[in-house]
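Colleague: I've just opened this one and would like to learn how to read it. Could you take me through it feature by feature?

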Amino acid sequence: MTPAKLVFKNILRRRGRFIFTLFGIVIGMASFVTFMALGGNLKSQIERESAALGANLVVTPKGSCAYEQVSILTGEQLPTTITAEEVEALRQIEGMTAIPFLAERSAVQNRPVSVLGILPAETRQFKGWQLARGEYFPAEDTSGAVLGAVLAEQFGLQPGAQLRIRGTDLPVLGVLKETGGKDDLTVFLSLPTAQQLYDQQDRVSFVAVRVERLDEVDAYALKIKDTVSLGVVSDKQMLSSVLAIVGTVNMTLQLIAAVAILAAAFGIINTMISATYERKREIGILQAMGATRGGIFRLFLLESGVYGVLGGVGGAALGFAAALLAAPHIQQNAATSFVKGSQLGFDPLMFVGSVLFSTLVAMISGIYPAWKASKLSPVEAISYE
């Protein structure tokens, strides 16, 4: 009988124990893959949103914290305290372009969406948007909405449809081409319309600033602080702050996944130690037939590896399915928006890596039971009842 046949015969000898041990590995690896899939590309998602903002500096209300910086990138509702006079003062500074935004929230078909009040012509040029269908705002104060591509698809909204915002029906003017960022999930209104609907006359949430000379970003930040009593942060500083905050989400996911893997590892150890005691006589017979201690060690280690391979394949498949099902239902907030917005899908590299990792963990878990089995003396093993 070949070692492979002997391994599978031994594994299936106690089928109930085999199934429960395998389930433990599958669940542990499924947890690992689910959390890694949800949190694995947070950094790239944050960097993409930061680049899509298109600003070298962001002016925020005085005293705003890093949480507001996260909200700027995720499209969450923000404090609205920057006045029209302060915006105008910023726009008078030479060598930079300042674009105000009013960030609010609404609901479409009972689902929360981001609403952004913009200066239509200037914002389109600032962000480089292209139109997919319909028309853009014909005037700066047009009462209508332009939608992000993904949002329009999710709710089945086309140009000419009616969209209710704060109890007011607005016509859908057009749909933007997909950008790959949060703009795809946003409702855009002209700034005057948004200010009127949300009762925020002459006030905005933040101002995005693009400077002509990148080597003088710090100097422009000082000019802004000297001109208005507001907060100002560079795109690099904001990116660093957001990564630090949202990184805690990823760390938490990784710790939970590590606990699940550890529990599965102890399950393998328990199963293999039990198998060692149950098969003492078999081990003695193998030794009497010429099997070396190294051969016995490799046989038990191979058995552990089979658990790892089967559990890894099942766990990875279940994990990817769970991530795809869970992502749309994650509560939208500043800490989890990047998880919810991540582009999830089957990742062959992560799948293969997960199976290899599962096999490695299983084989490491099997080292001690395999060593115990190989240390049995032939006389002790063959005389065991």
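Modeller: Sure, starting with the overall make-up. The protein chain has 16 helices and 12 strands, where helices (H or I, at least four residues) and strands (E, at least two) are DSSP runs numbered from the N terminus. Keep in mind that this is a predicted model, so local features need pLDDT of at least 70 and side-chain atom pairs count only at pLDDT 80 or more, while totals for chains, interfaces and linings use all residues. Residues are numbered from 1 along each chain as its sequence is written, and side-chain values use heavy atoms, with hydrogens and water left out.

Colleague: What share of the 385 residues of the protein chain counts as buried?

Modeller: "Buried" means under 20% relative accessible area, "exposed" means over 50%, and "partly exposed" is in between (1.4 Å probe, protein chains only). Here 50% of the 385 residues count as buried. You can also look at contacts, meaning heavy atoms within 4.5 Å. Among contacts in the chain with a separation of 6 or more, 80% are between residues 24 or more positions apart.

Colleague: How do I read strand pairing, say around strand E8?

Modeller: Two strands pair if DSSP finds at least two bridges between them. Strand E8 covers residues 168-176, and three bridges join it to strand E5 (residues 131-134), running antiparallel. Strand E6 (residues 145-147) pairs with E8 in the parallel sense, over three bridges. Strand E7 (residues 162-165) pairs with E8 in the antiparallel sense, over four bridges.

Colleague: Which residue of E8 is the bridge partner of glycine 134?

Modeller: That's glycine 174. Valine 146 also stands opposite glycine 174. Over on E7, glutamine 162 stands opposite proline 171 of E8. One general idea to carry with you: side chains in a regular strand alternate between the two faces of the sheet.

Colleague: And what happens where E7 turns into E8?

Modeller: E7 and E8 form a hairpin with two residues between the strands, and arginine 166 there takes a positive phi near 55°. Just ahead of E7, alanine 161 sits in the loop between helix H7 (149-155) and E7. Alanine 161 counts as partly exposed, at 23% relative accessibility. Leaving out residues up to four places away in sequence, alanine 161 touches Leu170, Pro171 and Val172. The C-alpha atoms of alanine 161 and leucine 173 are 8.3 Å apart, with their positions 12 residues apart along the chain.

Colleague: Which other residues have a positive phi without being glycine?

Modeller: Glutamine 109 has one, about 55°. Look for glutamine 109 in the loop between E3 and strand E4 (111-118); at 54% relative accessibility, this glutamine counts as exposed. Aspartate 202 has a positive phi too, about 65°, and lies in the loop between helix H8 (191-197) and E10.

Colleague: Now helices. Why do the buried residues of H5 line one face?

Modeller: You look down the helix axis and take the arc of the directions from that axis to the C-beta atoms. In helix H5 (residues 84-91), Glu86, Val87 and Leu90 are buried. They fall within an arc of 100°, so they line one face of the helix. Their cover includes strand E1 (57-60), strand E3 (96-108) and helix H9 (217-227).

Colleague: Can we try another helix?

Modeller: Take helix H15 (residues 367-374), whose buried residues are Pro369, Ala370, Ala373 and Ser374. Their arc is within 135°, so these residues line one face of H15. Now look at phenylalanine 297 in helix H12 (residues 293-326). Phenylalanine 297 is in contact with Ile367, Ala370, Trp371 and Ser374, leaving aside neighbours within four places in sequence. Phenylalanine 297 and serine 374 are 77 residues apart along the chain, yet their C-alpha atoms are separated by 5.2 Å. Phenylalanine 297 is partly exposed, with a relative accessible area of 25%.

Colleague: Last one: how many cavities of 30 Å³ or more does a search of the whole structure find?

Modeller: Three. On a 1 Å grid over the protein atoms alone, a cavity is a set of points where a 1.4 Å probe fits but cannot get out, and lining residues have an atom within 4 Å of a point. Points are joined across faces, edges and corners, and the volume is the space filled by probe spheres set on them. The second largest cavity has a volume of about 50 Å³. Its lining includes Ile25, Ile261 and Ser358, and helices H2 (15-39), H10 (235-278) and H14 (348-365) each supply at least two lining residues.

Technical notes: On a 1 Å grid over the protein atoms alone, a cavity is a set of points where a 1.4 Å probe fits but cannot get out, and a pocket is an open set with protein on both sides within 12 Å along at least five of seven lines; lining residues have an atom within 4 Å of a point.
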